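Work through the exercises below with the sequence and the model side by side. Try each task before you read its solution.

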Amino acid sequence: MATPPTKQSILHLYHSMLRTSQSFSSYNFRQYFVRRTKSTFREVQNETDPAKLTAFYEEKAKELAVLKRSAIVNQLYGGWKVVVEKQQAEHERADS
């Protein structure tokens, strides 16, 4: 039987998934994956069963790989910014 993941390794996986979720260029995808990651890890936060923790860690590690690939594709084909995103102010020329 495999040893259960440590709390530190689960936290590292959590932060990696959040970091990857933040790298989506599309606002809707970015917000969805951040919310989903937080809620999923919140559910397992107080879990003590080693078998469940091991299964959860393995599943989320595979999901992180898929999330990374999806984020790269989304960055390649990202569209326009949505209205709710912060827009950079356009600078006017002083001499006009």
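**Exercise 1: Helix 1**

In helix 1, the buried residues (under 20% relative accessible area with a 1.4 Å probe, protein chains only; exposed is over 50%, partly exposed in between) are Ser 9, Ile 10, Leu 13, Tyr 14, Ser 16, Met 17, Leu 18, Thr 20 and Ser 21. This is a predicted model: local features need pLDDT of at least 70, side-chain atom pairs count only at pLDDT 80 or more, and totals for chains, interfaces and linings use all residues. Residues are numbered from 1 along each chain as its sequence is written, and side-chain values use heavy atoms, with hydrogens and water left out.

Task: state what the buried residues of helix 1 pack against, and check the span of helix 1.

Solution.
- Step 1. The buried residues of helix 1 pack against helix 2 and helix 3.
- Step 2. Helix 1 has 16 residues, so at 1.5 Å a residue it should span 22 Å. The expected span of a helix is 1.5 Å times one less than its number of residues.
- Step 3. The end C-alpha atoms of helix 1 are 23 Å apart, which agrees.
- Step 4. Now take Arg 19, which sits in helix 1. Arg 19 counts as exposed because its relative accessibility is 56%.
- Step 5. Arg 19 and Lys 68 lie 49 residues apart in sequence, and their C-alpha atoms are 9.7 Å apart in space.

**Exercise 2: The whole chain**

Task: find how many helices and strands the protein chain has, and what share of its residues is buried.

Solution.
- Step 1. Count the elements: three helices and zero strands. Helices (H or I, at least four residues) and strands (E, at least two) are DSSP runs, numbered from the N terminus.
- Step 2. Read the order from the N terminus: α-α-α.
- Step 3. Of the 96 residues in the protein chain, 28% are buried.
- Step 4. Turn to contacts (heavy atoms within 4.5 Å). Among those between residues at least 6 apart in sequence, 69% join residues at least 24 apart.

**Exercise 3: Helix 3 and the core**

Task: list the buried residues of helix 3, then say which members of the largest nonpolar core touch the most other members.

Solution.
- Step 1. Helix 3 has 27 residues. From its first C-alpha to its last, helix 3 reaches 39 Å, close to the 39 Å expected.
- Step 2. Its buried residues are Leu 53, Thr 54, Phe 56, Lys 60, Leu 64, Leu 67, Ala 71 and Asn 74.
- Step 3. Their cover includes helix 1 and helix 2.
- Step 4. A nonpolar core is a set of buried Ala, Val, Leu, Ile, Met, Phe, Trp, Tyr and Cys residues joined through side-chain atoms within 4.5 Å. The largest one has 15 residues, and Met 17, Phe 24, Phe 41 and Leu 67 touch the most other members.
- Step 5. Helix 1 (7–22), helix 2 and helix 3 each supply at least two residues of this core.
- Step 6. Leaving aside neighbours within four places in sequence, Phe 41 contacts Ile 10, Leu 13, Tyr 14, Met 17, Phe 56 and Lys 60.

**Exercise 4: The largest cavity**

Task: name the residues that line the largest cavity, and explain why Thr 40 counts as buried.

Solution.
- Step 1. On a 1 Å grid over the protein atoms alone, a cavity is a set of points where a 1.4 Å probe fits but cannot get out; lining residues have an atom within 4 Å of a point. Grid points are joined across faces, edges and corners, and a volume is the space filled by probe spheres set on the points.
- Step 2. The structure holds one cavity of 30 Å³ or more. The largest cavity holds about 50 Å³ of space.
- Step 3. Its lining is Met 17, Phe 33, Arg 36, Thr 37, Thr 40, Lys 60, Glu 63 and Leu 67. Helix 2 (27–43) and helix 3 (50–76) are the elements that give two or more residues to this lining.
- Step 4. Helix 2 gives the most, with four residues.
- Step 5. Thr 40 is in helix 2. Thr 40 counts as buried because its relative accessibility is 18%.
- Step 6. Leaving aside neighbours within four places in sequence, Thr 40 contacts Phe 56 and Lys 60.

Technical notes. 1 Å grid on protein atoms, 1.4 Å probe; cavity = no way out; pocket = protein on both sides within 12 Å on 5 of 7 lines; lining within 4 Å.
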